[in-house]
Amino acid sequence: MSNQRNSRSVSRRTVLKFGAGLAGGLALPAPMMSAWAAEPTAVGTYPAGVDGSSVFIGICTPRTGTYAAQGEDEIKGYELAIEHLNSGADLFKKMSPKTTTGVLGKKVLFDIADSEAKPNTAVQAASAFISQKKALMITGSVSSAVAVALNKLADREKVIYLPCISGSNDTTGKDCVRYSFRECFYAQTAAQAIAPVLVKALGRGKKIAFLTPDYTYGHTVRESMETVLGKLGDWTVATNQISPLGTTDFSTYLLNVSNSGADVVVNINFGRDAVLSIKQAKQFGILNKMTLVMPYNTPFLAEQVGEDVMEGVYAGTDYWWTIEDRYPLAKLFNTEFKKKYGYNPEWGANAAYAQIAMWADAVERAGTFNPPDVIKSYEKGATVQSTVGPVHFRPEDHQLVRPVIIVRGKPQKKMSSKDDFYDVIEIVEGAPLMQAPDAFGCKLGSYT
């Protein structure tokens with residue numbers, strides 16, 4: 001690498017030295033012109049971030065606050081993926097076939113910052129990764145507000161950003177950017193996947209009580225669910241109870257739900273907010289008279305609220321470990337995750353692993369870390385093998401086309417193991433669930 005730096009330095013000095021001669025019509029020798037032409041154009045942290053035997057990625061995810069548990073789960077997926085990437089593990093190579101060890105022969109280093117699920121905190125941490133450590137890629141999120149904020153940072157700094165969990169339509173809708181790619185399912189696909197199951201199981205003309213967290217994720221999930229259930233089953237809204245993120249006492253909202261006359265309570269809360277709102281809904285007796293639906297659910301929620309509470313609950317999710325019977329890479333991922341951590345993986349860990357693998361695959365196919373070339377590699381829409389089958393990114397909005405998994409809580413007596421909480425009702429193909437690429441206002445912007 002020192003030789004490369006020296007050759008660049010010589011090329012610049014030579015051009016300056018002969019500048020006057022060039023102005024007078026003289027030409028540099030061909031080798032010198034070739035060396036100057038080969039100088040890479042700086043974009044974001046490239047090429048500074050590849051000047052060595054390793055490259056750096058920054059992980060910003062919540063380790064404190066209402067989404068801390070999901071953040072820690074993501075971290076486990078990132079750690080396993082980077083370990084596999086640097087060692088050339090078999091699972092990783094099945095998702096990124098050109099990988100040997102590292103990416104383009106460079107070891108991947110990383111650091112983790114606590115975003116606290118707060119946009120400003122996440123932006124500060126990611127900015128430090130970019131300016132101080134020349135991060136070539138940043139990743140991580142549970143809050144869609146964080147994902148949207150990091151989208152904007154990534155596009156401004158010209159550094160690729162990969163959200164992990166982000167359910168808002170806006171992330172690849174009106175707030176989409178050229179420098180971001182989302183792996184997980186989202187409000188529109190959640191609603192389109194679960195609504196037919198609900199109408200078939202519960203009937204037409206039902207009344208809904210929504211519990212909605214007050215930010216972009218909550219509002220877009222609520223809007224999508226209301227729209228799709230209204231069209232498919234003539235379901236109407238009895239009440240929409242909107243609570244701030246991080247609410248601990250849901251009693252006022254739940255009293256309104258209890259008195260609403262609803263048949264179904266659609267709880268859009270996530271993380272600790274979901275745990276607390278469900279436990280308190282049980283105390284209010286709401287779950288005895290209303291069917292609970294979780295359109296955007298982390299399945300190990302059942303471990304925190306009690307499997308008896310989740311019995312009969314309908315939920316949409318990104319990944320559930322029992323799909324290993326259908327997908328060979330899911331089985332291999334479960335095996336590798338349990339070997340390292342001692343239990344079956346949660347959704348966030350799978351999403352984190354997938355984002356690292358698909359990034360490595362895009363870089364390897366591009367043959368360079370140059371961000372515009374890596375983005376164009378993603379945008380070719382190449383099929384990637386994953387734990388949920390073949391998937392690909394849609395070039396128009398950078399959304400992964402992937403299935404949505406619909407589950408229903410099992411009775412305790414039918415659980416085959418301590419974490420066998422759900423029956424998989426349906427795995428719904430992704431493409432038919434998705435809106436037109438420009439339906440939510442996506443305009444990607446430029447590469448440089």
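Colleague: At about what angle does helix 8 (residues 187-202) run to strand 9 (314-317)?

Modeller: This is a predicted model, where local features need pLDDT of at least 70, side-chain atom pairs count only at pLDDT 80 or more, and totals for chains, interfaces and linings use all residues. Residues are numbered from 1 along each chain as its sequence is written, and side-chain values use heavy atoms, leaving out hydrogens and water. Helices (H or I, at least four residues) and strands (E, at least two) are DSSP runs numbered from the N terminus, while axes are lines fitted to C-alpha atoms, for helices over the stretch in contact (heavy atoms within 4.5 Å), with angles from 0 to 180 degrees between N-to-C directions. Helix 8 lies across strand 7 (264-267), strand 8 (291-294), strand 9, strand 13 (404-409) and strand 14, and to strand 9 it runs at about 160°.

Colleague: Which strands are at the edges of the sheet with the order 6-5-7-8-9-13-14?

Modeller: This open sheet has seven strands and mixed pairing, where two strands pair if DSSP finds at least two bridges between them. Its twist averages 20° from one strand to the next. Strand 5 (residues 207-213) runs parallel to strand 6, joined by seven bridges, with Ala-209 opposite Thr-239 of strand 6. Pairing on one side only is found for strand 6 (236-243) and strand 14 (422-428).

Colleague: Turning to the open sheet of four strands, why is one side of strand 2 (107-114) left without a neighbour?

Modeller: The strand order is 2-1-3-4, with parallel pairing. Strand 2 and strand 4 stand at the edges, so each of them has a single partner strand.

Colleague: In strand 2, which residue is the bridge partner of Phe-56?

Modeller: Strand 1 (residues 54-61) and strand 2 run parallel and are joined by eight bridges. Helix 4 (residues 68-87) lies across these strands as well as strand 3 (137-139) and strand 4, at about 170° to strand 2. The bridge partner of Phe-56 is Leu-109.

Colleague: Is His-398 buried or exposed?

Modeller: His-398 sits in the loop between strand 11 (389-394) and strand 12 (399-401). Buried means under 20% relative accessible area, exposed over 50%, and partly exposed in between (1.4 Å probe, protein chains only). Because its relative accessibility is 0%, His-398 counts as buried.

Colleague: At what distance does a polar contact join the side chains of His-398 and Glu-379?

Modeller: A polar contact is a pair of N or O atoms within 3.5 Å; within protein, one must be able to donate a hydrogen and the other to accept it, and residues adjacent in sequence count only if both atoms are side-chain atoms. The His-398 side chain reaches the backbone oxygen of Ser-180 at 2.9 Å. With the side chain of Glu-379, the distance is 2.7 Å.

Colleague: How many of the nine residues of helix 16 (residues 371-379) are buried?

Modeller: Glu-379 is one of the buried residues of this helix, as are Ile-375 and Tyr-378. Their cover includes strand 4 (160-162), helix 15 (347-366) and strand 11. Helix 16 is mostly covered, and its buried residues number seven.

Colleague: Which helix gives the most to the lining of the largest cavity?

Modeller: Lining residues of the largest cavity include Met-358, Tyr-378, Gly-381 and Phe-393. Of these, Gly-381 follows helix 16 and has a positive phi, near 70°. The most, three residues, comes from helix 15.

How values were computed
On a 1 Å grid over the protein atoms alone, a cavity is a set of points where a 1.4 Å probe fits but cannot get out, and a pocket is an open set with protein on both sides within 12 Å along at least five of seven lines; lining residues have an atom within 4 Å of a point.
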